[in-house]
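Morning, everyone. Please bring up the sequence and the model, and we'll walk through them together.

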Amino acid sequence: MGIRTLVAMLVVALVVIGALATQESYKVFMPGLLQGAVLTIEIAILGSLLAIVMGVLAALARMYGPAPLKWLATVYVEIFRGTSALVQLFWLFFVLPQFGVTLNAFLVAVLALGLNVGAYGSEVVRGAIQSVARGQWEASTALNMSRPQMLRRIILPQAFVAMIPPWGNLFIELLKSTALVSLITLSDLAFKAQQMNQNTFKTIPIFTLVLLMYLAMSLVVTIGMRLLERRASLGLARGKAA
Amino acid sequence: MIWDWAFAFEILPVLASAAIVSIEATLIGFALAASLGLVLAVVRIAVPWTGWTISVLVELIRSTPLLIQIFFLYFVFPKFGVVLDAFTAGVLAIGIHYAAYCSEVYRAGFDNIHRGQWEASVALNLSAWTTFRDIIIPQAIPPIVPALGNYLVALFKETPLLSAIAVLELMQTAKIIGSETFRYTEPMTLVGLFFLAMSLVSAALIRSLEGLLNRRTMR
């Protein structure tokens, strides 16, 4: 979908939220939902940062690390990709305390989501690094660059552009997964929605607002990533040379 | 004692029967997703003016959390007088959510069909139905089977969400065992291991399927 259509959808979503918010039957829910949305955004941002760090570290460890580190990174990626996000969340929340490590729910949420998406992200980073044309590696070797130099100056700047779209998808996945934290007692947007629904049974107004809010947040991420991609690929010749 | 083997073996049969519910939900949900996704993708080609509507719809479904969609279906249907039990509502939500993803996969498959195939079908005076059934689908589907397989695994890993509306699947059963016995370590870990095992096995299957398809379509 083109960036203009996405912006148009965002505008429509925001206008509809605004219009609904002035209605008497919807108005009462707004303060609570906005409060929940703030927590959702906080978890999404912190989780995404952790995911980036873990993704890059795990990818580099798997590609260039010494054997034990390589092994560790592989186990991390397989475990977090192989079990479901909710299982990880519950495991950290219910089981970890039995080993004497009690984290508060917020920390568990950020950790679980960040580690989960980071595992998928490591594959994205790995794929992007490997997608850099062979000639680039060979030229760097010919220029007598050391491996860190090669990565930092030649490979990563090019791999970065290729990484942006898949990371965009992962950020959306993470944003959507934040709804799961409502199941470990955090009062995010999804939690507020369910709580209000149980108290008032006004299902349709509440869930319409909530869905629109999530849509608006996702669209902001998508549009932001598109703009970043456009900016990062400026001056970069794509495709094969003639 | 952190890990109690006797307890783990005691709860294993209970978890195993709950795992069947999870697998059922996966299979029914995916059958729904795969067929509805195909319908969306075909309608998009067959009736061009629906393209914009369908892409907005797909974007809407993909941009909002599955958990909220599950709640929505579960709580909204009764307002219209249709009472769905938790399992049906949950599986329906999962199926619709993944249909949005699958329709994009099918679309990629159709886009990869050479123009000449469509033109030749028109030249041979084949009906739209025959064209799709005998010319397009047999060429478009095999290359995208691995992508669909990945969504099957992803969908399987989303089934624990059904525990939020109290479907007695694996996660919900583990939670109940945990709250009754105050031992969460064994049930939660076993659930995690079950998902890990299933994912690794299906990933291996998809890889070998991919190899098989590549060999078959190589000309």
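I'll take the contact between the two chains, then two loop residues.

This is a predicted model, so to speak plainly: local features need pLDDT of at least 70, side-chain atom pairs count only at pLDDT 80 or more, and totals for chains, interfaces and linings use all residues. Residues are numbered from 1 along each chain as its sequence is written, chains are lettered from A and ligands numbered from 1 in the order written, and side-chain values use heavy atoms, without hydrogens or water.

How many residues does the contact take from each chain? Chain A gives 39 and chain B gives 40, where contact means heavy atoms within 4.5 Å. The area buried between them is about 3400 Å². That is accessible area (1.4 Å probe) lost on being put together, summed over both parts. Carbon and sulfur atoms give 75% of it. On chain A's side, A:Gln98, A:Lys176 and A:Leu211 lose the most, together 16% of what that side buries.

Salt bridges across the interface? The rule, a side-chain nitrogen of Lys or Arg within 4 Å of a carboxyl oxygen of Asp or Glu, finds zero.

Now the loops. Most residues other than glycine have a negative phi. A:Asn144 has a positive one, about 65°. A:Asn144 sits between α7 (134–142) and α8 (147–177) of chain A; helices here are DSSP runs of H or I, at least four residues, numbered from the N terminus. A:Asn144 counts as exposed, at 67% relative accessibility; exposed means over 50% (1.4 Å probe, protein chains only).

In chain B, B:Asn125 has a positive phi near 60°. B:Asn125 is exposed too, at 70%.

Notes: Helix = DSSP H or I, 4+ residues; strand = E, 2+ residues; numbered from the N terminus. Buried < 20%, exposed > 50% of the residue type's maximum accessible area, 1.4 Å probe, protein only. Buried area = accessible area lost by both parts, 1.4 Å probe.
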